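Thank you all for coming. I would like to walk you through one model today, beginning with its strands and then moving outward to the helices and the surface.

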Amino acid sequence: MIYSKSPKTLDEKIKYIADKKKNTIFGGYGVSDNPEIAIIEMKLAKFIYDKYDRRMFLEIVVSFDEYESEHLDVVHLASIAFDVCNVLPQGFQIFYGIHLNDVYQKHIHFAINTVSCCSQVGKLDIDPDDLILLK
């Protein structure tokens, strides 16, 4: 699932992704593994480019069915999270969380900053063809 709009703020989304109540393992890709620092780093990128309006982040959720959830351990899920980060457009900050609270539907949340200081693109825009490949 890919969500381009969310009623949550960037702060709320990162805190949700890192929620310990969900038996979460979380980390950052191009951003700190600490959720509080990741929020500051993502906001700093937005500040540099004066991009505080419109979409603040893109959320992707990779969910696994019951069979997959029963057979995927934390090591495999972390590997999948890293692989997804490598497939996403390079130069954008990503904070992810592997939610293990539902043993029958494990899933991984990704919050991707829509602004990049490290990419020539500057603003995240996933081409429809790339979106199909991503899915």
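**The strands and what surrounds them**

Let me begin with strand S3 (residues 57-63), which is joined to S5 by 7 bridges, the two strands running antiparallel. I should say at once that this is a predicted model, in which local features need pLDDT of at least 70 and side-chain atom pairs count only at pLDDT 80 or more, whereas totals for chains, interfaces and linings use all residues. Residues are numbered from 1 along each chain as its sequence is written, and side-chain values use heavy atoms, with hydrogens and water left out.

A few terms are needed before I go on. Helices (H or I, at least four residues) and strands (E, at least two) are DSSP runs, numbered from the N terminus, and two strands pair if DSSP finds at least two bridges between them. On that basis the protein has 5 helices and 5 strands, and along the sequence they follow the pattern β-α-β-α-β-α-α-β-β-α.

Returning to the pairing of S3 with S5, phenylalanine 57 stands opposite asparagine 113 in S5. S5 also pairs with S4, again in the antiparallel sense, over 6 bridges; in that pairing histidine 99 has histidine 107 as its bridge partner in S5, and isoleucine 98 has isoleucine 108. S4 in turn pairs with strand S2 (residues 24-29), antiparallel and over 6 bridges, with glycine 28 standing opposite phenylalanine 95.

How enclosed is S5? I will call a residue buried under 20% relative accessible area, exposed over 50%, and partly exposed in between, using a 1.4 Å probe and protein chains only. In S5, 7 of the 7 residues are buried, so the strand is largely enclosed by the rest of the structure. Both of its faces are covered, with His107, His109, Ala111 and Asn113 on one side and Ile108, Phe110 and Ile112 on the other. Strand S4 (residues 94-99) is mostly covered too, 6 of its 6 residues being buried: Ile94, Tyr96 and Ile98 point one way, and Phe95, Gly97 and His99 point the other way. For the protein overall, buried residues make up 39% of the 135 residues.

Histidine 109, which is found in strand S5 (residues 107-113), deserves a closer look. At 6% relative accessibility histidine 109 counts as buried, and its side chain is joined to that of histidine 107 by a polar contact of 3.4 Å. By polar contact I mean a pair of N or O atoms within 3.5 Å, where within protein one must be able to donate a hydrogen and the other to accept it, and where residues adjacent in sequence count only if both atoms are side-chain atoms. If we take contact to mean heavy atoms within 4.5 Å, and leave aside neighbours within four places in sequence, the residues that histidine 109 touches include Tyr16, Glu59, Phe95 and His99.

**Links between elements**

Which residues form salt bridges with one another? The rule is a side-chain nitrogen of Lys or Arg within 4 Å of a carboxyl oxygen of Asp or Glu, and by this rule the count comes to 2. In one of them, aspartate 11 is paired with lysine 43, the closest N and O atoms being 2.9 Å apart. Aspartate 11 lies in helix H1 and lysine 43 in helix H2, so the pair ties together parts that are 32 residues apart in sequence. Aspartate 11 is partly exposed, with a relative accessible area of 23%, and lysine 43 is also partly exposed, at 30%.

Glutamate 59 forms a salt bridge with lysine 13, and here the closest N and O atoms are 3.0 Å apart. This pair links distant parts of the chain, with glutamate 59 in strand S3 and lysine 13 in helix H1, 46 residues apart. Both glutamate 59 and lysine 13 are buried.

**A loop residue**

Let me close with asparagine 23, whose place is in the loop between helix H1 (10-17) and S2. Asparagine 23 has a positive phi of about 50° although it is not a glycine, and with a relative accessible area of 46% it is partly exposed.
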